[in-house]
Amino acid sequence: MNRILKIGLMCLSMLLAGSVCSCGYAQNKSKTKTTKTVKKAQDANYGKVRHITKAEFVKNVYDLDKGGAWKYLGSKPCILDFYAQWCGPCRAISPFLDNLAKKYKDDIVIYKIDVDKERDLARWAGASSIPLLVFIPMNGEPQANRGALPEAELDNAIQKVLLKKSRNL
């Protein structure tokens with residue numbers, strides 16, 4: 001009986017020792033995953049269309065509260081896509097904008113603004129009909145387009161208006 005008890009205690013201690021090692025390994029693995037998760041979060045919007053709020057708009061595009069002359073605050077040209085979830089044409093161009101965000105990830109930024117959630121921004125932009133795309137170059141005035149455009153026309157507008165390149169189709 002003593003022998004069975006000793007074997008049982010040995011197994012239990014080995015099991016507990018294995019759990020401790022396993023937990024330690026899990027913690028180290030967890031720290032690695034956390035570091036990777038933070039890195040992914042930093043890069044999460046790189047090459048993607050970004051949904052923004054009024055607070056982000058004021059910080060990254062134009063300070064509405066200050067008003068005054070137009071001065072773009074971004075570091076890359078951008079497109080503002082004023083849209084609504086219920087809008088068919090808005091949903092139709094969404095994949096085009098996703099593709100173009102990936103294609104021009106180093107050159108431009110594409111922002112989406114939900115007109116139902118950000119009514120102040122929609123009013124400021126005059127987004128009475130949607131989709132409304134506002135092309136904002138680094139220098140110069142923004143240019144707007146109402147309605148859905150095919151992907152090739154959006155690409156052409158990026159080249160000519162935002163990147164100031166002539167494009168032969």
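This is a short tour of the structure, stop by stop, with something to select at each one.

**Before you start**

You are looking at a predicted model, in which local features need pLDDT of at least 70 and side-chain atom pairs count only at pLDDT 80 or more, while totals for chains, interfaces and linings use all residues. Residues are numbered from 1 along each chain as its sequence is written, and side-chain values use heavy atoms, with hydrogens and water left out.

**Stop 1: the whole chain**

Show the protein as a cartoon. You should find five helices and five strands; helices (H or I, at least four residues) and strands (E, at least two) are DSSP runs, numbered from the N terminus. Trace the chain from the N terminus and the order is α-β-α-β-α-β-α-β-β-α.

Now switch to a surface. The protein exposes about 11100 Å², and carbon and sulfur atoms supply 56% of that (areas by the Shrake-Rupley method with a 1.4 Å probe; for residues, only the protein chains shown count as cover). Of the 169 residues, 34% count as buried. Here buried means under 20% relative accessible area, exposed over 50%, and partly exposed in between (1.4 Å probe, protein chains only).

How much of the contacts with a separation of 6 or more comes from residues 24 or more positions apart? The share is 67%, where contact means heavy atoms within 4.5 Å.

**Stop 2: a pair of cysteines**

Select C87 and C90. They form a disulfide, with their sulfur atoms 2.5 Å apart; the rule asks for a pair of cysteine sulfur atoms within 2.5 Å. By this rule the count comes to one disulfide. A disulfide is a covalent bond between the sulfur atoms of two cysteines. The link of C87 and C90 is right-handed, with 75 degrees about the S-S bond. Both C87 and C90 are buried. Select C78 as well: C78 counts as buried because its relative accessible area is 0%.

**Stop 3: helix α2**

Go to V58, which sits in helix α2 (residues 54-60). Is V58 buried or exposed? V58 counts as buried because its relative accessibility is 17%. Leaving aside residues up to four places away in sequence, V58 touches D63, L64 and L73. Try a distance between C-alpha atoms here: V58 and L73 are 15 residues apart along the chain, and these atoms are separated by 8.5 Å.

**Stop 4: a cavity**

Select G47, K48, A101, I108 and V109. Of the 11 residues that line the largest cavity, these are the closest to its centre. A search of the whole structure finds one cavity of 30 Å³ or more, and the largest has a volume of about 70 Å³. On a 1 Å grid over the protein atoms alone, a cavity is a set of points where a 1.4 Å probe fits but cannot get out, and lining residues have an atom within 4 Å of a point.

**Stop 5: a cis peptide bond**

Move to I130 and P131. A cis peptide bond joins them, with omega about 0 degrees. Most peptide bonds are trans. P131 lies in the loop between α4 (119-125) and β4 (132-136).

**Stop 6: the last loop and helix**

Pick N139, in the loop between β4 and β5 (143-146). N139 is exposed because its relative accessible area is 64%. The C-alpha atoms of N139 and L162 are separated by 9.1 Å, with their places 23 residues apart along the chain.

Finish at K160 in helix α5 (residues 151-162). K160 counts as partly exposed because its relative accessibility is 45%. The C-alpha atoms of K160 and P137 are 9.9 Å apart.

Key: 1 Å grid on protein atoms, 1.4 Å probe; cavity = no way out; pocket = protein on both sides within 12 Å on 5 of 7 lines; lining within 4 Å. Points joined across faces, edges and corners; volume = space filled by probe spheres on them.
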